[in-house]
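I am opening my notebook on a structure that I have not looked through before. My plan is to go chain by chain and to write down what I look up.

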Amino acid sequence: MAVTALTMAHLRNLFGVVMLSGVFSLQAAALYVALDAVDVAFTEAAVGAGISTLLMLSALAITSSMEKSRKGVSKGPLALAVLTGVLLIYATFDMPVYGDPNAPIHQHVALHYIKNSGQEIGIPNIVTSVLASYRGYDTLGEVTVIFTAAAGVLAVIGRNRRSRGKDKKNGEKSMKFKSVLRVTSKLLIPPILLFALYVQFHGDYGPGGGFQAGVIFASAMILYALIFGVGNARQAIPAWVTRSGIALGVLLYAGVGIASMLMGGSFLNYSVLASEPTLGQLIGINLIELGVGVTVASAMVTIYYNFAAKAPEEWTPEEEEESEGDL
Amino acid sequence: MEFPGLFNYWIVIVLMMTGFYIVMAHGNLIKKIVGLNVFQVSVFVFYISMSKVKGGTAPILRPGLDEGVEVYANPLPHVLILTAIVVAVATTALALSLIVRIREEYGSIEEDEIIAQENNQEEDQ
Amino acid sequence: MEMISQIAGWVLLLLGSAFILIGAVGVIRLPDVFARMHGAGIIDTLGAGLILAGLMTQAGFTLIMVKLAFIFIFLIFTNPTATHALARAALNAGVKPLTNFKKTGEDKPSKS
């Protein structure tokens with residue numbers, strides 16, 4: 001991974017840099033699997049190697065793709081980086097050894113989670129139970145962050161109202177001459193959506209949950225938009241649907257919290273949602289994961305729509321040169 | 001001195017300093033965002049490597065297959081990092097949209113060209 | 001019987017890794033964009049396929065094997081499509097295939 005990072009620092013071709021960042025994320029995901037962090041690996045692979053690379057490529061398409069050459073290695077930042085690195089290495093001599101089961105972080109709260117989450121919450125995946133129930137406030141904040149990011153992207157490069165008529169024209173223009181890609185994506189998009197639903201509802205029993213499911217759902221929509229044109233995608237899932245989706249997910253999440261307050265418990269205490277505490281926890285966790293999935297999917301699709309609307313016109317395929325027809 | 005024991009922290013520091021250097025030294029805005037990403041991933045690796053327990057397994061309870069499994073990896077850093085990954089992609093998306101907007105305004109995404117244009121505008125006013 | 005499936009699994013895994021290595025060498029060393037895509041295709045189809053087959057023999061007849069089989073099916077769908085899309089993009093960008101590689105070993109670079 002260090003080799004990839006150093007190569008990224010050196011390359012001037014931004015396209016190569018973005019591709020390498022995707023490779024870097026994939027290596028990180030593999031590393032997480034080796035370190036027993038399966039949920040994190042899943043999220044990193046879906047988010048880092050998928051959506052992040054895609055967004056950077058869209059941004060590259062809108063801006064230039066080569067970096068201006070600099071005069072060698074800048075001394076000041078290099079010295080600062082090396083100095084900070086040396087100080088940090090000095091600081092690590094007090095840290096616990098890798099893999100040590102007696103390290104301080106394994107002693108207090110985490111022991112309680114591992115021991116008791118089976119009885120208190122009753123779902124096998126401890127990470128989901130900690131994420132959704134024990135640390136539900138943090139996850140509410142996270143969903144709000146995604147909402148804010150999507151709202152921010154809308155505010156900065158929002159679509160102008162006038163170009164609504166261009167959707168249909170753009171939709172028809174990009175449908176020709178891509179038969180292999182069209183057929184394959186038509187075959188693949190339903191299983192991808194099905195897989196997103198599977199990951200969403202299976203987050204209790206294995207790695208998965210709302211975030212990964214939302215990202216996979218969004219990637220299916222983005223695949224559709226890439227192959228069939230943003231115009232067609234906008235007709236299939238209009239912009240107002242995704243905009244309301246962003247808000248609806250957060251509303252669902254906070255609504256579950258308020259519902260549990262109305263039923264007598266504290267905010268986001270799911271045990272009061274049903275007759276039995278573990279059943280209430282199950283209902284609460286599934287509902288908020290659904291809210292998270294809806295928000296993440298809508299946010300990613302909204303962000304992609306806004307990026308794609310800014311792409312220069314020469315990105316649609318050139319029909320004039322396609323004299324040999326379909327390949 | 002436990003050399004192999006601290007190796008994971010040193011790799012993280014190398015990655016972190018690479019990301020730090022990319023953010024500071026390169027003028028191109030997109031490269032800065034990539035460097036920020038490298039920095040963020042290095043922090044994640046730091047947390048996750050701290051959460052690994054020797055001889056442990058993934059923190060998923062499986063009632064039928066769990067005989068003999070005593071030790072699980074610590075789930076708390078996993079949760080924190082899950083949140084952090086999603087926040088990282090949210091900030092990357094917002095930063096990229098800002099870059100697109102800057103490109104529209106100034107016509108370039110190199111930091112020194114943008115600063116030069118800003119200075120020219122200030123002199124004209 | 002158990003031993004045979006274990007050995008078969010290991011052999012498949014090692015073969016898959018060897019093919020990935022060969023494909024990687026090909027991607028670096030072959031002279032032309034279109035030739036390099038052959039190397040990438042080897043990595044995806046043969047390399048990943050053999051590794052998945054090795055994992056399947058090691059998993060036995062469980063749900064994991066079905067999931068791995070699904071992964072293999074999707075891989076077979078997406079890899080040729082990706083190579084096709086890459087070739088289209090290269091053609092659209094104006095890269096001409098290298099067609100005058102002389103037998104003596106010297107190569108004229110393609111117009112890329």
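How many residues of chain C are in contact with chain A? I looked this up at the start and found that six residues of chain C touch six residues of chain A. On the chain C side of that contact I noted two nonpolar residues, three polar ones and one charged one. Before going further I wrote at the top of the page that this is a predicted model, a point that I want to keep in mind for every entry below.

**Entry: chain A with chain B**

I then turned to the contact between chain A and chain B, where 80 residues of chain A meet 72 residues of chain B. Looking for the parts of chain A that give two or more residues to this side, I listed α1 (2–10), α2 (14–34), α3 (38–62), α4 (75–91), α5 (109–120), α6 (126–134), α7 (136–157) and α13 (277–309) of chain A. The largest share comes from α3(A), which supplies 14 residues. When I sorted the chain A side by class, I found 51 nonpolar residues, 19 polar residues and ten charged residues.

**Entry: chain A as a whole**

For the chain itself I counted 13 helices and zero strands, and I noted that 42% of its 327 residues are buried. I also looked at contacts in chain A between residues at least 6 apart in sequence, and of these 72% join residues at least 24 apart.

**Entry: helix α12 of chain A**

Why does the length of α12(A) agree with what is expected of a helix? Helix α12 covers residues 239–262 of chain A, and its 24 residues should span 34 Å at 1.5 Å a residue; its end C-alpha atoms are 34 Å apart, so the two values agree. I looked up its buried residues next and wrote down A:Thr242, A:Gly245, A:Ile246, A:Gly249, A:Tyr253, A:Val256, A:Gly257 and A:Ser260. The elements that cover these buried residues include α7 and α13 of chain A. Just after α12(A), I found that A:Gly264 has a positive phi of about 115°.

**Entry: A:Val180**

Is A:Val180 partly exposed or buried? I placed A:Val180 in helix α9 of chain A, which covers residues 179–201. It has 14 C-beta neighbours inside 10 Å, and therefore it counts as partly exposed, since a residue needs 20 or more to be buried. I also compared A:Val180 with A:Gly255, and noted that they are 75 residues apart in sequence and 45 Å apart in space, taken from C-alpha to C-alpha.

**Entry: chain B**

In chain B I counted four helices and zero strands, and I noted that 53% of the 125 residues are buried. Among the contacts in chain B with a separation of 6 or more, 43% come from residues 24 or more positions apart.

I then looked at how helix α1 (residues 7–25) and helix α2 (residues 29–51) of chain B pack, and found an angle of about 165° with axes 7 Å apart. Since an angle over 145 degrees counts as roughly antiparallel, α1(B) and α2(B) are described that way. Their crossing is left-handed. Residues that meet here include B:Leu15, B:Phe20 and B:Ile22 from α1(B), and B:Leu36, B:Phe39 and B:Phe46 from α2(B). By class, I found twelve nonpolar, six polar and two charged residues in this contact.

Helix α3 of chain B, residues 75–106, has 32 residues and reaches 46 Å from its first C-alpha to its last, close to the 46 Å expected at 1.5 Å a residue. After α3(B) comes B:Gly107, which has a positive phi near 80°.

My last look in this chain was at B:Glu122, which lies in helix α4 (residues 111–124) of chain B. B:Glu122 counts as exposed because it has 8 C-beta neighbours inside 10 Å. The C-alpha atoms of B:Glu122 and B:Met50 are separated by 50 Å, with their positions 72 residues apart along the chain.

**Entry: two helices of chain C**

I closed with helix α2 (residues 33–59) and helix α3 (residues 63–93) of chain C, whose axes come within 9 Å and cross at roughly 180°. That angle makes α2(C) roughly antiparallel to α3(C). Their contact divides into 19 nonpolar residues, five polar residues and one charged residue.

Note on methods. Residues are numbered from 1 along each chain as its sequence is written. Chains are lettered from A and ligands numbered from 1 in the order in which they are written. This is a predicted model: local features need pLDDT of at least 70, side-chain atom pairs count only at pLDDT 80 or more; totals for chains, interfaces and linings use all residues. Two residues are in contact if their C-beta atoms, placed from the backbone, lie within 7 Å. Ala, Val, Leu, Ile, Met, Phe, Trp, Tyr, Cys and Pro count as nonpolar, Asp, Glu, Lys and Arg as charged, and the others, Gly among them, as polar. A residue is buried if 20 or more other C-beta atoms lie within 10 Å of its own, exposed if 12 or fewer, and partly exposed in between; C-beta atoms are placed from the backbone. Axes are lines fitted to C-alpha atoms, for helices over the stretch in contact, and angles run from 0 to 180 degrees between N-to-C directions. Angles under 35 degrees count as roughly parallel, over 145 as roughly antiparallel, 65 to 115 as roughly perpendicular and the rest as oblique. A crossing is left-handed if the near helix is turned anticlockwise from the far one by less than a right angle, and right-handed if clockwise. The expected span of a helix is 1.5 Å times one less than its number of residues.
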